[in-house]
Amino acid sequence: MMPGERLQRYLARAGVAARRKCEELITAGRVTVNGEVVTELGSRVSPGDEVLLDGRPVAPEPLRYLLLNKPAGVVTTVTDPQGRPTVTEMVGGPGRLYPVGRLDIDTTGLLLVTNDGGLAHRLMHPSFGIDKVYVAQVEGMLTRGDVERLTGGVLLEDGMTAPARVRVVGRTPRGSIVELVIHEGRKRQVRRMLAAVGRPVLKLHRRQYAMLTDAGMAPGDFRELGSDEVEALKRLSERGSE
Ligand code: URA
């Protein structure tokens, strides 16, 4: 729990009910904080406060922020009807955790997984626009013209892409290795952008998400974010929703 969290959010996070219903419980005088009945919807609670609903303690799970280096073959969902391994199973642990955005099953790389619904929602909002750095291995040689088209924006079936930063960083016997920095998050965006310039993706990896990089993380590794990293993401998400 962050200092000064709104009481109705705290109750909702504890699984009491949806936020609106929690507001009703507060105004009905059924919630106490440190022994005092609280009916003001603007009330806030801090770590260490004792919150009771109808005399029974209420405490949400602690907020968790995990960074996973997703391997290929793992789906970005909470449960998969086809029984394939999911990112939330990979990070395990108690309680509900949700991926922030999505990587295709064949895409590897960085994915945030958290139970902080508010932050996840802000990070995924289109106005947020944080940088995501992808490295793609493509078929064929990417020309300067291709790079210029990708940089300026290409027309996909759901509209023009925003300007991207694009550079060729290597060659393979069959093609090029290209780094793309984009801040949109459309479905299969990088694969569609590269296909649009005639360079199908053979392999795709997200090596950076905002300021978080995959340095030192093998495929399948995951780690808790430090509080400084969480605060930095929160600052970015507030900036993005201005
Ligand atoms: N773009 C894609 O095409 N796939 C991903 O998984 C992520 C970005």
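How far from an oxygen atom of the ligand does a backbone N or O atom of Gln 189 lie? In this predicted model, the answer is 3.3 Å. The ligand itself sits in the largest pocket, and the protein buries 96% of the 240 Å² that the ligand exposes when taken alone. Here's a quick tour of the site and of a side-chain cluster that involves Gln 189.

**Where the ligand sits**
- Domain 2 (65-126 + 212-240) and domain 3 (131-209) both contribute residues to the shell, so the ligand lies between them.
- Helix H6 (residues 189-196) supplies the largest share of that shell, with 3 residues.

**Who's around it**
- The ligand's neighbours are Leu 103, Asp 104, Thr 107, Tyr 134, Arg 188, Gln 189, Val 190, Arg 191 and Leu 204.
- Sorted by class, that makes 4 nonpolar, 2 polar and 3 charged residues.

**Polar atoms facing the ligand**
- Asp 104 puts a polar side-chain atom 2.7 Å from a ligand nitrogen atom.
- Arg 191 works through its backbone: one of its N or O atoms there is 2.9 Å from an oxygen atom of the ligand.

**Glu 184 and its partners**
- Look for Glu 184 in the loop between strand S14 (175-182) and H6.
- Its side chain makes a polar contact of 2.9 Å with the side chain of Gln 189, a residue that also belongs to the ligand's surroundings.
- The side chains of Glu 184 and Arg 186 are joined by a polar contact too, at 3.2 Å.

Notes. Residues numbered from 1 in each chain as written. Predicted model: local features only at pLDDT ≥ 70, side-chain atom pairs only at ≥ 80, totals over all residues. Heavy atoms only, no water. Near = heavy atom within 4 Å. Polar contact = N/O pair within 3.5 Å; in protein donor to acceptor, adjacent residues only side chain to side chain. Areas by Shrake-Rupley, 256 points an atom, 1.4 Å probe, with all protein chains shown as cover. 1 Å grid on protein atoms, 1.4 Å probe; cavity = no way out; pocket = protein on both sides within 12 Å on 5 of 7 lines; lining within 4 Å. Sits in = over half its atoms within 2 Å of the grid points. Helix = DSSP H or I, 4+ residues; strand = E, 2+ residues; numbered from the N terminus. Nonpolar A, V, L, I, M, F, W, Y, C, P; charged D, E, K, R; others polar. Domains from an automatic or database assignment.
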